[in-house]
Amino acid sequence: MDKAGVLGVNLGGTHREVVALFSDIGGFTAYSESVKPESVVTLLNAYLQIQAKVVEACDGVIDKYVGDQLVAIFTDENDDLRKSTRRAVDCALHMQRMLNKLRATGRAPSIGVG
């Protein structure tokens, strides 16, 4: 098989400079040990759904979810790291604002995301 692969996908990869945003729920382990599993799932769904919407709105791509962590990638078609960095920082700040709004409703525990 050549580097194009079965579906014509470049299996050799490409070199790109990107910005990665890691978002993690602070105190999650302690929280998850003190509540029912259903509450843990509800919290994860609420927090990660909000964060995913914000990443999409900021033109980022979710690379993966790892437990209570979200990893998002920001890149620019011209590999302009300043633009990618700005979008990632804006995304992180927007996440904080949206999660603060959620906590203010009383529908989510007051645990932080960083």
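The following paragraphs lead through a predicted model, from its sheet to its helices and the loop after H2.

The sheet provides the starting point. Three strands form an open sheet in the order S1-S3-S2, with antiparallel pairing. The edges are occupied by S1 and by S2 (61-66); each has a single partner strand, so one side of each is left without a neighbour in the sheet. From one strand to the next, the twist averages 20 degrees. Helix H3 packs on this sheet, where it touches S1 and S3, and its direction makes about 15 degrees with that of S1. As a general matter, strands of a sheet pair through backbone hydrogen bonds, in either a parallel or an antiparallel manner.

Strand S1 comprises residues 19-24. Its pairing with S3 (residues 69-74) is antiparallel and extends over 6 bridges. Within this pairing, Asp 24 stands opposite Gln 69 of S3. In a regular strand, side chains alternate between the two faces of the sheet. S1 shows such an alternation: Val 19, Leu 21 and Ser 23 point to one face and are buried, whereas Ala 20, Phe 22 and Asp 24 point to the other face and are not buried.

Helix H3 covers residues 81-104. Its 24 residues should span 34 Å at 1.5 Å a residue, and the separation of its end C-alpha atoms, 34 Å, agrees with this. The buried residues of H3 are Ser 84, Arg 87, Ala 88, Cys 91, Met 95, Leu 99, Leu 102 and Arg 103. An α-helix has 3.6 residues a turn, so residues three or four places apart point the same way. The cover over the buried residues of H3 includes S1, H2 and S3.

Ser 84 illustrates this cover at the level of a single residue. Ser 84 counts as buried because its relative accessibility is 0%, and buried means under 20%. Apart from neighbours within four places in sequence, Ser 84 is in contact with Val 19, Phe 74, Thr 75 and Asp 76. Of these partners, Val 19 belongs to the buried face of S1.

Helix H2 (residues 37-57) packs with H3 at an angle of about 145 degrees, the two axes lying 9 Å apart. The crossing of H2 with H3 is right-handed. On the H2 side, Ala 46, Tyr 47, Ile 50, Gln 51, Val 54 and Val 55 take part, and they meet Cys 91, His 94, Met 95, Met 98, Leu 99, Leu 102 and Arg 103 of H3. By class, this contact has 10 nonpolar, 2 polar and 1 charged residues.

H2 itself has 21 residues, and the distance from its first C-alpha to its last is 30 Å, close to the 30 Å expected at 1.5 Å a residue. Its buried residues are Val 40, Leu 43, Leu 44, Tyr 47, Leu 48, Ile 50, Gln 51, Ala 52, Val 54 and Val 55. These buried residues pack against S1, H1 (28-34), S2, S3 and H3.

The loop between H2 and S2 contains Asp 59. Most residues other than glycine have a negative phi. Asp 59, although not a glycine, has a positive phi of about 60 degrees, and this value occurs just after H2. Is Asp 59 buried or exposed? Asp 59 is exposed, because its relative accessible area is 54% and the cut-off for exposed is over 50%.

Methods:
Residues are numbered from 1 along each chain as its sequence is written. This is a predicted model: local features need pLDDT of at least 70, side-chain atom pairs count only at pLDDT 80 or more; totals for chains, interfaces and linings use all residues. Side-chain values use heavy atoms; hydrogens and water are left out. Buried means under 20% relative accessible area, exposed over 50%, partly exposed in between (1.4 Å probe, protein chains only). Helices (H or I, at least four residues) and strands (E, at least two) are DSSP runs, numbered from the N terminus. Two strands pair if DSSP finds at least two bridges between them. Contact means heavy atoms within 4.5 Å. Axes are lines fitted to C-alpha atoms, for helices over the stretch in contact, and angles run from 0 to 180 degrees between N-to-C directions. A crossing is left-handed if the near helix is turned anticlockwise from the far one by less than a right angle, and right-handed if clockwise. Ala, Val, Leu, Ile, Met, Phe, Trp, Tyr, Cys and Pro count as nonpolar, Asp, Glu, Lys and Arg as charged, and the others, Gly among them, as polar. The expected span of a helix is 1.5 Å times one less than its number of residues.
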